[in-house]
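Hi everyone, thanks for making time this morning. I'd like to walk you through a few spots that caught my eye, so please have the viewer ready.

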Amino acid sequence: MSATNYKRQLAIREAMKHAWSGYQQHAFGKDELQPISKSYNNRWGNWSVSLVDTLDTLSIMGMQDEYTEAKNHVRNIDFTQSPRNFRVPMFEMAIRALGGLLGAYELDNDPILLQKAQEVGDSLAIAFDTPLGLPSTHVDLNNRRPSMATTICIAESGSVQLEFKKLSQLTGDDKYRKLAEKASDLLESAPRKHKGLYPSYIDIVTGQYDKNAVLSVGSYSDSFYEYQLKQYVLDKKETKFKDQYIVSSTSIEEHLVARDLSSGRLFLGTWNGGDSYFVPEMEHLACFYPGHLALGARVLNRPTDLILAEELAYTCYISYAMTPTGLGPERFRFSGYEFIDHAESSGAMDPPPVKNKKKEKSNDLSGQRQNIKKESKGIKATDSRYLLRPETLESLFILYRVTGDPKYQEWGWNIFLGIEKYTKVEGGGYASLRNVYETGSSGSLDDVMESFFLAETLKYLYLLFGPTDLISLDEYVLNTEAHPLKIIK
C-alpha cells in the first residue's frame with residue numbers, strides 16, 4: 001500500500017470513529033443516531049439497526065474495542081419481537097440486520113452471530129406465508145403473520161436471496177433457500193412485455209406485474225438486477241442467474257441507456273407508465289449500476305460491458321463534481337437525449353479480455369478535473385439533497401478493483417473531502433445535506449444519519465484505498481448493504 005493510500009485510509013477510519021462516537025454517546029443500542037439533536041430514533045422497530053448494520057465495518061477497520069462492545073450488545077437483542085402495532089420491513093431488515101449479522105459471522109465465526117442471524121431469518125420468513133410465495137412487504141411479528149399488502153416492488157422481493165441462501169448454507173437448514181428461490185422463480189416466470197426488463201411492482205396474490213409500473217434500475221428495482229449477478233457469484237452452480245443477468249444487462253443497455261445531447265454523457269433513464277414515455281432523469285440509486293456492470297465484466301469476461309460501466313461511472317462522478325459542495329444530488333435530469341446503439345457503447349473494436357490485475361497507472365488525473373462545466377452542461381439537479389448514499393462510491397470501489405486505474409481513488413477521495421466538509425456534525429456523527437448547491441451551514445443539514453452511511457459509504461471508501469486482498473472479490477460477494485458473504489466453493 002502506498003503512503004498516500006495509507007494516510008487516506010487512516011482519515012476514513014477517523015471519520016468512522018467520529019460517526020461511531022456520536023452513536024455510542026447518544027444512541028447506542030437504538031436504531032439511528034440523530035446527530036444534530038444528539039438524540040436517537042427507533043423507526044426500524046428497535047432492533048439496534050445501526051449497530052447490527054455496522055458490525056463488519058468495525059471489524060474490517062480494526063476497531064476491535066468498538067466491535068466487541070457492539071457484538072456483546074447483539075446477544076441481548078430479541079429479533080422475535082417488535083413494538084406494539086409495528087410492522088417489520090422485510091427487505092430492509094434482510095439486507096441490514098440479517099446481512100449485517102451474516103457478514104460479521106463470515107469474518108468472526110462467533111456462533112452467537114449465526115444464532116442471531118437465524119433468529120432474524122425465522123422472523124422474516126413469515127413474510128413468505130402468502131398464496132404464491134412472493135413475500136409481503138412487512139411482517140407483523142406480534143401476531144406472527146405477514147402484512148396485508150398485496151403488491152411488492154421487485155427490489156424488495158428479489159433482493160433477499162443472497163442472505164437467505166447464505167443462511168441456509170451456514171445453518172444446514174434449506175428452508176430459507178427454498179423460500180427465496182421460489183420468489184425468484186415467480187419473478188422470472190411472470191409474463192412481461194420486454195425480455196430482460198421487469199416492471200417495478202408485482203401483485204403477490206395474482207403473480208402478475210403491474211403493466212403501468214416504471215422500468216428502471218433506480219428505486220424499487222435496483223437491487224433486483226444486482227442480485228441476478230450476485231446469486232451466480234455466490235454459487236457458480238446457479239447458472240440460471242448468470243443467464244438472467246446477461247439478458248437483463250443487454251436489455252438495459254438497449255432500452256434505458258441514453259446519451260445527453262448537451263454534455264455527451266451516457267446516463268440511465270426511466271420508462272414511466274410501463275413504456276409509455278421516457279424520462280431523461282437519473283437517480284443516485286442507479287449509480288450502483290456501473291459497478292454492477294464492471295463486476296459482471298470481470299466475472300463473465302465481458303470486456304465491452306466494462307467500457308459502458310466506465311462511461312456511466314463518470315456521469316455519476318460528474319454529478320458530484322459539478323456542485324459547489326462536491327457532493328451529488330439525489331436526482332439529476334438531462335436536457336435532451338438520444339438512444340444509442342449497441343456498437344457505440346461497445347466501442348469500434350473489442351478490447352482484450354478483462355483480467356484481475358492493475359493497468360498501468362494513468363498519468364492524466366488532471367484530465368478528470370478539466371472541463372467539469374462542459375461535461376455537466378445540460379445536467380440539472382431535480383432533487384438537490386445528498387443523503388449520505390453509497391452507490392457512486394460502490395461503483396468506484398468495484399471499478400478500481402477491476403481496472404486498477406487510480407483515477408477512481410482520486411474521485412473517491414474528492415467525494416470524501418466533500419463529506420467531511422459539509423456533512424460532519426460537531427460532537428459526533430454525519431448528517432444528510434439538504435442542498436448540494438448551498439455551502440452555508442445554517443439549517444443546511446437534516447437530523448438523520450442512516451445506518452447505510454456506516455455500513456456502506458465509509459466501508460466502500462476504506463476498501464477503495466486498501467489492498468485488494470482486503471475483502472477480495474475472489475473470496476467474497478457483497479450484499480446490497482455491503483456485507484461480505486463468502487463465495488461458495
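**Starting at the N terminus**

Let's begin with Met-1, which counts as exposed because its relative accessibility is 55%, and the cut-off for exposed is over 50%. Do keep in mind that this is a predicted model. Met-1 sits in the segment before helix 1, which covers residues 3–26. Together with Tyr-6 and Leu-10, Met-1 makes a nonpolar surface patch of about 320 Å².

Now, please scroll along to helix 10, residues 239–255. How far does helix 10 reach from its first C-alpha to its last? The span is 25 Å for 17 residues, close to the 24 Å expected at 1.5 Å a residue. As for burial, Phe-241, Gln-244, Tyr-245, Ser-248, Ser-249, Ser-251, Ile-252 and Glu-253 are buried in helix 10. A general reminder while you look at that list: an α-helix has 3.6 residues a turn, so residues three or four places apart point the same way.

My last stop is strand 13, residues 331–334. Which residues are on its covered face, and which on the uncovered one? Phe-332 and Phe-334 form the covered face, while Arg-331 and Arg-333 form the uncovered one.

Strand 13 also has neighbors to look at. Strand 12, residues 281–283, runs antiparallel to strand 13 and is joined to it by three bridges; here Glu-281 has Arg-333 as its bridge partner. Strand 15, residues 379–383, is antiparallel to strand 13 too, with four bridges joining the two. In that pairing, Phe-334 partners with Ile-379.

That's my tour, and I'm happy to go back to any of these views.

Conventions:
Residues are numbered from 1 along each chain as its sequence is written. This is a predicted model: local features need pLDDT of at least 70, side-chain atom pairs count only at pLDDT 80 or more; totals for chains, interfaces and linings use all residues. Side-chain values use heavy atoms; hydrogens and water are left out. The expected span of a helix is 1.5 Å times one less than its number of residues. Buried means under 20% relative accessible area, exposed over 50%, partly exposed in between (1.4 Å probe, protein chains only). Two strands pair if DSSP finds at least two bridges between them. Patches are made of residues with over 30% relative accessible area and no salt bridge: like charges are joined within 9 Å, nonpolar side chains (Val, Leu, Ile, Met, Phe, Trp, Tyr) within 5 Å. Accessible areas come from the Shrake-Rupley method with a 1.4 Å probe; for residues, only the protein chains shown count as cover. A salt bridge is a side-chain nitrogen of Lys or Arg within 4 Å of a carboxyl oxygen of Asp or Glu.
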